[in-house]
Amino acid sequence: MVSLDDAVVARLEKGGKRYEILVDPELVDDFKSDPDSVSLDDLLATDEVWHDARAAERPTEEKLTSTFGSTELLDCVSTILRDGSIQLTTAQRKQMISDKRQPVSYT
């Protein structure tokens, strides 16, 4: 499990509610491309879906079922990562900017 200090928030707003999970920012892209390649234990900082992770507000099972169609953690995590937004770390943001500024080579 990733430590809480290193985790970032992945957030999905749906049905007037916010759903959050705490994830390892390095493993999010790997999980998106191939969910079977990453263990949930490695990806998640906590084994919970939250309405508000800071305030430790948990959604009810009925809310999870109505929003995600299931209370299974993998289904909820997959939907949040696929349809939601992920906070980027400063290092990731800098890397993305430098990648975009790389000159295009013409051959």
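**Exercise 1. Place Thr-67 in the chain, decide whether Thr-67 is buried or exposed, and find its partners.**

Step 1. Thr-67 belongs to helix α3, which covers residues 61-68; helices (H or I, at least four residues) and strands (E, at least two) are DSSP runs, numbered from the N terminus. The structure is a predicted model, in which local features need pLDDT of at least 70 and side-chain atom pairs count only at pLDDT 80 or more, while totals for chains, interfaces and linings use all residues. Residues are numbered from 1 along each chain as its sequence is written, and side-chain values use heavy atoms, with hydrogens and water left out.

Step 2. Buried means under 20% relative accessible area, exposed over 50%, and partly exposed in between, with a 1.4 Å probe and protein chains only. Thr-67 has a relative accessible area of 14%, and therefore Thr-67 is buried.

Step 3. Once neighbours within four places in sequence are left aside, Thr-67 is in contact with Lys-14 and Tyr-19, where contact means heavy atoms within 4.5 Å. The side chains of Thr-67 and Tyr-19 also make a polar contact of 2.8 Å. A polar contact is a pair of N or O atoms within 3.5 Å; within protein, one must be able to donate a hydrogen and the other to accept it, and residues adjacent in sequence count only if both atoms are side-chain atoms.

**Exercise 2. Describe the aromatic pair that a search of the whole structure finds.**

Step 1. The search of the whole structure gives 1 aromatic pair. Tyr-19 and Phe-68 form this pair, with 5.2 Å centre to centre and 75° between the planes, and the pair is edge-to-face. The rings of Phe, Tyr and Trp (its six-membered ring) pair if their centres lie within 6.5 Å, and planes under 30 degrees apart count as stacked, over 60 as edge-to-face and the rest as tilted.

Step 2. The pair links distant parts of the chain, since Tyr-19 lies in strand β2 (residues 17-23) and Phe-68 in helix α3, 49 residues apart.

Step 3. Tyr-19 is buried, with a relative accessible area of 1%, and Phe-68 is buried as well, at 12%.

**Exercise 3. Find where Ser-70 lies and which residues Ser-70 is in contact with.**

Step 1. Ser-70 sits in the loop between α3 and α4, and Ser-70 counts as buried because its relative accessibility is 14%.

Step 2. Apart from neighbours within four places in sequence, Ser-70 is in contact with Leu-64, Thr-65, Asp-75 and Cys-76. The side chain of Ser-70 makes a polar contact of 3.0 Å with the side chain of Asp-75.

Step 3. Cys-76, one of these contacts, is also among the buried residues of helix α4 (residues 73-83), together with Val-77, Thr-79, Ile-80 and Leu-81. The cover over the buried residues of α4 includes β1, β2, α1 (28-33), α2 (40-43), α3 and β3 (85-86).

**Exercise 4. Carry out the same kind of reading for Val-8, and then turn to the whole chain.**

Step 1. Val-8 is part of strand β1 (residues 8-14), and with a relative accessibility of 6% Val-8 counts as buried.

Step 2. Not counting residues up to four places away in sequence, Val-8 touches Ile-21, Leu-22, Val-23, Pro-25, Ile-86, Gln-87 and Thr-89.

Step 3. The chain has 5 helices and 3 strands, which follow the pattern β-β-α-α-α-α-β-α along the sequence. Of its 107 residues, 33% count as buried.
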